[in-house]
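Q: Could you walk me through this model? I'd like to go through it piece by piece.
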Amino acid sequence: MKTKRSEDVGPYLGLTPRTHQSGEIDRTGRITKTGDGMTRSYLFEAANVLLTRIQRPSPLRQWGLRLRDRAGLKKAQVAVARKLAVMMHAIWADGTEFEWGTASL
């Protein structure tokens, strides 16, 4: 991966909304789908499992469930997948270990 900042991982993997701008019209739509499709699909599947199957409480799951209630399941899955990618990159970059209950958002 060529990114050095964790915030750049989401756009690198195509987990950002596509924008269409024309004159005064500014619409955001589906994700851009750039980058590695297999990595994106694995992150999306992990987010789906975290939101729908796992019952163990975590800050990321609680955040995703609140987002699901406001915006819908698909948008919550994409947002959780992006947040998972950012967290994994940060863990990989500084060499720390993940602890289930102490993940901060």
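Q: How many aromatic pairs does a search of the whole structure find?
A: The search finds 0 aromatic pairs, where rings of Phe, Tyr and Trp (its six-membered ring) pair if their centres lie within 6.5 Å. This is a predicted model, in which local features need pLDDT of at least 70 and side-chain atom pairs count only at pLDDT 80 or more, while totals for chains, interfaces and linings use all residues. Residues are numbered from 1 along each chain as its sequence is written, and side-chain values use heavy atoms, with hydrogens and water left out.

Q: And what sits over the ring of W63?
A: The charged end of K83 does, 4.5 Å from the ring centre; the criterion is NZ of Lys or CZ of Arg within 6 Å of the ring centre and within 35 degrees of the ring normal.

Q: What are the mean pLDDT values, for the chain and at the extremes among its elements?
A: The protein chain has a mean pLDDT (the predictor's confidence in each residue, from 0 to 100) of 81, and 79% of its residues reach 70 or more. Among the elements, which are DSSP runs numbered from the N terminus (helices are H or I with at least four residues, strands E with at least two), strand 2 (residues 25–31) has the lowest mean at 64 and helix 3 the highest at 94. Where pLDDT is low, the predicted coordinates should not be read in detail.

Q: Switching to helix 4, how many residues does it have, and what follows it?
A: Helix 4 covers residues 73–94, which is 22 residues, and its first and last C-alpha are 32 Å apart, close to the 32 Å expected, taken as 1.5 Å times one less than the number of residues. Helix 4 is followed by G95, whose phi is positive, near 75°.

Q: Is Q77 in that helix buried or exposed?
A: Q77 is buried, with a relative accessible area of 3%, buried being under 20% and exposed over 50%, with partly exposed in between (1.4 Å probe, protein chains only). Leaving aside neighbours within four places in sequence, Q77 is in contact (heavy atoms within 4.5 Å) with F44, A47, N48 and L51.

Q: Which residues touch the most other members of the largest nonpolar core?
A: Of its 18 residues, these are L13, L15, L43, L60, V80 and L84; such a core is a set of buried Ala, Val, Leu, Ile, Met, Phe, Trp, Tyr and Cys residues joined through side-chain atoms within 4.5 Å. Helix 4 gives the most to this core, with 8 residues.

Notes:
Phe/Tyr/Trp six-rings, centres within 6.5 Å; stacked < 30°, edge-to-face > 60°.
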